[in-house]
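Student: I should like to take a close look at a single part of this model. Could you please guide me through one helix and its surroundings, explaining each term as it arises?

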Amino acid sequence: MPRKPKTPTFEEAMKELESLIDTLEQGDLSLEASLKSFERGVALTRICQASLQEAEQKIRILNGETQTPELESFTDDNE
């Protein structure tokens, strides 16, 4: 029975994402390899985003800010 891949921690995902970005910026990959790296980057970004949302929710709970039924999604106004 094949094992399900372990979801990386936030720090592991960020480190791998940074490595992927460095590799993609060098421009030495084929189109297919670049696309696979991009797809992996999107998956890692989603993992990081989920980790940050979970941390935000925990902070709100600890601060007693749990009156709203759903948390709003985090968006960076600088983008």
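**Helix α1 and its surroundings**

Tutor: Helix α1 is followed by Gly27, whose phi is positive, near 75°. The model is a predicted one, in which local features need pLDDT of at least 70 and side-chain atom pairs count only at pLDDT 80 or more, whereas totals for chains, interfaces and linings use all residues. Residues are numbered from 1 along each chain as its sequence is written, and side-chain values use heavy atoms, with hydrogens and water left out.

The name α1 comes from a simple rule: helices (H or I, at least four residues) and strands (E, at least two) are DSSP runs, numbered from the N terminus. Helix α1 has 17 residues and reaches 25 Å from its first C-alpha to its last. That is close to the 24 Å expected at 1.5 Å a residue, the expected span being 1.5 Å times one less than the number of residues.

Let us turn to the inner side of this helix. The buried residues of α1 are Ala13, Leu17 and Leu20. Here buried means under 20% relative accessible area, exposed means over 50%, and partly exposed lies in between (1.4 Å probe, protein chains only). Seen down the axis of α1, the buried residues fall within an arc of 65°, so they line one face of the helix; the arc is that of the directions from the helix axis to the C-beta atoms. A general rule helps here: an α-helix has 3.6 residues a turn, so residues three or four places apart point the same way. On the other side of α1, Glu11, Lys15, Glu25 and Gln26 are exposed.

What lies over the buried face? The cover of the buried residues of α1 includes α2, where contact means heavy atoms within 4.5 Å. Ala13, Leu17 and Leu20 also belong to the largest nonpolar core, which has six residues and is completed by Leu44, Ile47 and Cys48. Helices α1 (10–26) and α2 (31–62) each supply at least two residues of this core. Such a core is a set of buried Ala, Val, Leu, Ile, Met, Phe, Trp, Tyr and Cys residues joined through side-chain atoms within 4.5 Å.

Two residues show how α1 is met from outside. Leaving aside neighbours within four places in sequence, Cys48 is in contact with Phe10, Ala13 and Met14. Ser37 is found in helix α2 and is buried, with a relative accessible area of 12%. Not counting residues up to four places away in sequence, Ser37 touches Leu20, Leu24 and Leu29.

Charged side chains also join the two helices. The side chains of Arg40 and Glu16 meet in a salt bridge (2.8 Å, N to O). This pair links distant parts of the chain, with Arg40 in helix α2 and Glu16 in helix α1, 24 residues apart. A salt bridge is a side-chain nitrogen of Lys or Arg within 4 Å of a carboxyl oxygen of Asp or Glu. Arg40 is partly exposed at a relative accessible area of 33%, and Glu16 likewise counts as partly exposed at 30%.

A search of the whole structure finds five salt bridges. One of them, between Lys36 and Glu32, has an N to O distance of 3.8 Å. Lys36 and Glu32 both lie in helix α2, four residues apart, about one turn of the helix. Lys36 counts as exposed at 52% relative accessibility, and Glu32 counts as exposed at 55%.
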